[in-house]
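Hi,

Here is the model I promised to pass on. Have a look at it first, and my notes follow underneath.

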Amino acid sequence: MKTKLTKSICYMAGLHNHAKGELSRVGITTSVNEIEEKFVEICIKELQIQPNRIIMEDKDGVRTVYFYHTKMSKMLKRICDSETRIFTRINELSRSYVAGMFDASGHISKGRVFIKGLDARDELMLQQLGIHTSNGTIRNISSFFILIRGFSVLLEHAQLPGNERDPH
């Protein structure tokens with residue numbers, strides 16, 4: 001079964017990039033409602049997952065949303081394992097993938113941008129896209145924001161220096 005890569009599948013692969021746990025499980029853990037909503041929307045509309053198969057758990061304001069699908073999980077893992085070959089140029093697919101990575105494990109703090117858990121393969125892929133990193137810290141923040149703007153839910157809802165008056 002060969003599936004055509006789409007923005008949504010690449011975003012899901014980015015979310016799934018550092019997923020740990022059961023092999024057949026596809027899911028996210030987040031406290032951001034909009035990321036959860038986008039995940040569920042992609043599951044239902046793009047991946048044709050039945051809503052009753054999507055499991056939601058809430059613990060202390062942090063939600064885990066997931067479903068079981070062995071083929072989908074393996075496909076997302078193959079995309080992640082091949083990221084340095086697939087995402088060599090800036091396009092909608094690479095932008096979606098990096099946005100998914102950022103939404104899954106990124107954060108902005110005190111004017112610095114981090115993506116937790118980057119490995120050497122992730123850093124090489126980002127380097128190919130013109131994004132410089134050091135120990136999970138993004139060095140050229142403005143280029144990174146330009147790359148994922150319009151694709152990242154987390155970035156769209158972040159309160160960045162300079163946009164304090166932006167009501168969102």
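Let me begin with K110, which is found in the loop between β4 and β5. Before going further, some housekeeping: this is a predicted model, so local features need pLDDT of at least 70 and side-chain atom pairs count only at pLDDT 80 or more, while totals for chains, interfaces and linings use all residues. Residues are numbered from 1 along each chain as its sequence is written, and side-chain values use heavy atoms, with hydrogens and water left out. Helices (H or I, at least four residues) and strands (E, at least two) are DSSP runs, numbered from the N terminus.

**The hairpin**

Back to K110: its phi is near 55°, a positive value in a residue other than glycine. At 83% relative accessibility, K110 counts as exposed; for the cut-offs, buried means under 20% relative accessible area, exposed over 50%, and partly exposed in between (1.4 Å probe, protein chains only). The strands on either side of this turn, β4 (residues 106-109) and β5 (residues 112-115), run antiparallel and are joined by four bridges. Two strands pair if DSSP finds at least two bridges between them. Together β4 and β5 form a hairpin with two residues between them, and G106 stands opposite I115 in β5.

D60 tells a similar backbone story, as another residue other than glycine with a positive phi, near 55°. You'll find D60 in the loop between β2 and β3, where it is exposed at 76% relative accessibility.

**Helix α2**

Does the length of α2 work out, and what should its 14 residues span? At 1.5 Å a residue they should span 20 Å, and the end C-alpha atoms are 19 Å apart, which agrees; the expected span is 1.5 Å times one less than the number of residues. The buried residues of α2 are I35, E36, F39, V40, I42 and C43. Seen down the axis of α2, these buried residues fall within an arc of 155°, so they line one face of the helix. That arc is taken over the directions from the helix axis to the C-beta atoms.

What covers the buried residues of α2? The cover includes α1 (7-16), β1 (25-30), β2 (55-59), β3 (62-68), α5 (92-105) and α8 (153-156), with contact meaning heavy atoms within 4.5 Å. On the face turned away from the buried side, α2 carries the exposed residues E37 and K45. After α2 comes Q48, whose phi is positive, near 60°.

**Salt bridges**

Side chains of opposite charge can pair when their charged atoms come close. I counted a salt bridge as a side-chain nitrogen of Lys or Arg within 4 Å of a carboxyl oxygen of Asp or Glu, and the structure holds six of them.

One of these is in α2 (residues 33-46), where E41 and K45 lie four residues apart, about one turn of the helix. Their side chains meet at 4.0 Å, N to O. E41 is partly exposed, with a relative accessible area of 45%, whereas K45 is exposed at 59%.

The pair D81 and K77 has the same kind of spacing: both lie in helix α3 (residues 70-81), four residues apart, about one turn of the helix. Here the closest N and O atoms are 3.0 Å apart. Both partners are partly exposed, D81 with a relative accessible area of 35% and K77 with 43%.

D81 also forms a salt bridge with R121, the closest N and O atoms being 3.8 Å apart. This pair links distant parts of the chain, with R121 in helix α6 (residues 120-128) and D81 in helix α3, 40 residues apart. R121 counts as partly exposed, at 28% relative accessibility.

Which residues end up in one network? Salt bridges that share partners join K77, D81, E83, D119 and R121. Of these, E83 is in helix α4 (residues 83-86) and counts as buried, at 0% relative accessibility. Not counting residues up to four places away in sequence, E83 touches N17, Y97, M101, D119, R121, D122 and M125.

That's my tour; shout if you'd like to go over any of it.

Cheers
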